[in-house]
Amino acid sequence: MDSVWMENVSLPRFEALRGNADTDVLIIGGGITGLLCAYFLKEAGVDYILAERTGICAGVTKNTTAKITSQHGLIYADLVRKQGIEKAALYLEANQKALSMYRALSSEIDCDFEEKSSYVYSLDDSRKLEEEVEALQRLHFPAELVQTEELPFPTAGAVAFPEQAQFHPLKFLAGIAKDLNIYEHTFVKELSEHEAVTANGRISYKRLIFATHFPIDNKHGLYFLKMYQQRSYCIALKNAAQIKGMYVDGSGKGLSFRNYGDFLLLGGGGHRTGKKGGNWQELRETAKKYYPEASEEYAWAAQDCMTLDDIPYIGKYSPAMPACFAATGYNKWGMTSAMTAAMLLADLIMEKENPFTAVFDPSRSMLKPQLFYNAAEAAAGLLSLTTRRCPHLGCALKWNEAEHSWDCSCHGSRFDEEGALLDNPANGDWRKEKAKR
C-alpha cells in the first residue's frame, strides 16, 4: 500500500553506477538522511557520492507522518532526570535548529510547509504532563499545559509546543535531490577498508556515512544490541473532522493525528517488528467509532529504530572505524533527527566542532534496561525452531498476516512473500522455498 505522499509527486531519477568511482565521502542510503547529508556536503564543496540500493525515498522516508517537531513524546522530564539539564538543553536546541533549517530550506521549495503547534496528550495521567512542562520551563522553552478540544475523545490534557511544523516530505526532497551526485540501483553488497563493492563496479572512498536506516555493518558498534525496530501504521481519512494542530499520545501506545489538505492522517496500532499488534485494524475501528462518515483513501506502515535511551545514534560509527559515521535510531521522530544528523555529520566530515557531538555519540554507555530485553529477544529468535531464518544474524522469521511479510523480531529485517528484502538490517534477500504458513 502506498502512502498519501506517493501521489502527485515527481522525484528525480538517477543512473546506476557503471564501472569504478573514487570519492572523498561515500553515503550509503538515499532516504531523507542520506539526501540531506549529500545536500550539506555539496553546499560545502565536499566531494561525495550517494549510492542507493533501489530508488531515492523508496524505503522508510516515504512512510512518515512528516511532523517536524522538537516534541518527541514526553521526553524532556526523563532527559533532565537521566542525562542532566545540560544534555537535555542541547537535545532540545539541536532539534530546534533542525526545525529552523527546514523552515529556511522550505521557503524556496513548494512542499506544503505549514507552521503548527504540536501536542503530546495523555488519556489519564496529568502528573506526567505537569512534570514535562516543569522540565521544559527549566529549559526556558515556552511549553504549556492545555486542554485537547480538537480530539474526538476526552483526555487529561496535553503539553503544547508552539511554532512547530508539518510538510510534504517527498515534495521537499524532490527539491533537495535534483542536483545531487546520486547513483540509484547501486547496491553496496560488500565493504572492505575504503572500498565498496557494487554489482557493476567499485567505489573507493576516504570516509563513509551509513544512512541506511539500520546500520548494515555488524562487526563493530553493536547496533544489533543497541536497537530494536517497531512497526507503526497510518490511514488517510477523507470527510473526517479536521484539526489545526499535530497530536500524539504520550504513552507511545495510542493515536497520532495531523491533517494534510482534505485528509486527516490517523496513526497508531504499533508493535515491535516480528510481534503482533493492532496494525490497521485498530485504526479502522477507531475511525468507525469517531469518524463514521469518513472514507479511508490511503493506508501505509512505517518502521522505526528504537535506541536504549531515546536519543539517536549520530556520529562516529565506532572507535574501531574512525573513518565511518552512523545516523540511526530516530525513535519515531525521523524528520528533525534526520536534519540534526545531516548537519552534525557534515561538521564531523569537515572536522568542525559541533556542540551536539557528545549528546548523540553512538559510543555512549549501553548500560540501560532495554539492552537486556534486546539481548533476550535475540536469544529467543536464534533458538526458535524454524527453517525460515533471517540472513542478517540467523534469527527466526515470523509471518506477518496483516502485511503479508516475513519479519524478524530480533533486529527488524522484513521480506515479502517471495523473500525479497523490504527492510534492513539484512543486506540482501531471503531466498528459500516458500514455506507453508
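In this predicted model, threonine 286 counts as buried because its relative accessibility is 12%, below the 20% cut-off. Threonine 286 belongs to helix 7. Leaving aside residues up to four places away in sequence, threonine 286 touches Leu255, Leu266 and Tyr291.

**Helix 7 and its surroundings**

Helix 7 comprises the twelve residues 279–290. At 1.5 Å a residue these should span 16 Å, and the 17 Å between the end C-alpha atoms agrees with that expectation. Threonine 286 is one of the buried residues of helix 7, alongside Asn279, Trp280, Leu283 and Ala287. Viewed down the axis of helix 7, the buried residues fall within an arc of 120 degrees, so they line one face of the helix. Lys288 and Lys289, on the other side of helix 7, are exposed. The buried residues of helix 7 pack against strand 11, strand 14 and strand 15 (295–306).

**Alanine 240**

Tyr291, which threonine 286 touches, is also among the residues touched by alanine 240. The other contacts of alanine 240 are Leu264 and Ala294, again not counting residues up to four places away in sequence. Alanine 240 sits in the loop between strand 11 and strand 12 (246–249). With a relative accessible area of 10%, alanine 240 is buried. Its C-alpha atom is separated by 8.5 Å from that of aspartate 262, although the two residues are 22 residues apart along the chain.

**Helix 10**

Helix 10 has 15 residues, 369–383. At 1.5 Å a residue, the expected span is 21 Å, and the end C-alpha atoms are 22 Å apart, which agrees. The buried residues of helix 10 are Leu371, Asn374, Glu377, Ala378 and Gly381. Because they cover an arc of only 125 degrees around the axis, these residues are on the same side of helix 10. Pro369, Phe372 and Leu383 are exposed on the other side of helix 10. Strand 11 (228–238) and strand 14 (263–272), together with helix 6 (223–226), are the elements against which the buried residues of helix 10 pack. Strand 11 and strand 14 also receive the buried residues of helix 7.

**Packed helix pairs**

Two packed helices are described by the angle between their axes and the distance between the axes. The table gives these values for two pairs.

| Helix pair | Angle | Axis distance |
|---|---|---|
| Helix 3 (residues 85–106) and helix 8 (residues 334–349) | about 90 degrees | 8 Å |
| Helix 2 (residues 76–83) and helix 4 (residues 126–138) | about 65 degrees | 7 Å |

For the pair of helix 3 and helix 8, the angle is about 90 degrees, which makes helix 3 roughly perpendicular to helix 8. Helix 3 contributes Ala94, Asn95, Lys97, Ala98, Leu99, Met101, Tyr102 and Leu105 to the contact, while helix 8 contributes Met335, Thr336, Ser337, Met339, Thr340 and Met343. Sorted by class, the contact of helix 3 with helix 8 has nine nonpolar, four polar and one charged residues.

In the pair of helix 2 and helix 4, whose axes are 7 Å apart, the contact is made by Tyr76, Ala77 and Val80 of helix 2 and by Glu131, Glu132, Ala135, Leu136 and Arg138 of helix 4. Five residues of the contact of helix 2 with helix 4 are nonpolar and three are charged, with no polar residues.

Methods:
Residues numbered from 1 in each chain as written. Predicted model: local features only at pLDDT ≥ 70, side-chain atom pairs only at ≥ 80, totals over all residues. Heavy atoms only, no water. Helix = DSSP H or I, 4+ residues; strand = E, 2+ residues; numbered from the N terminus. Expected span 1.5 Å × (residues − 1). Buried < 20%, exposed > 50% of the residue type's maximum accessible area, 1.4 Å probe, protein only. Arc of directions from axis to C-beta. Contact = heavy atoms within 4.5 Å. Axes fitted to C-alpha atoms, helices over the stretch in contact; angles between N-to-C directions. Parallel < 35°, antiparallel > 145°, perpendicular 65-115°, else oblique. Nonpolar A, V, L, I, M, F, W, Y, C, P; charged D, E, K, R; others polar.
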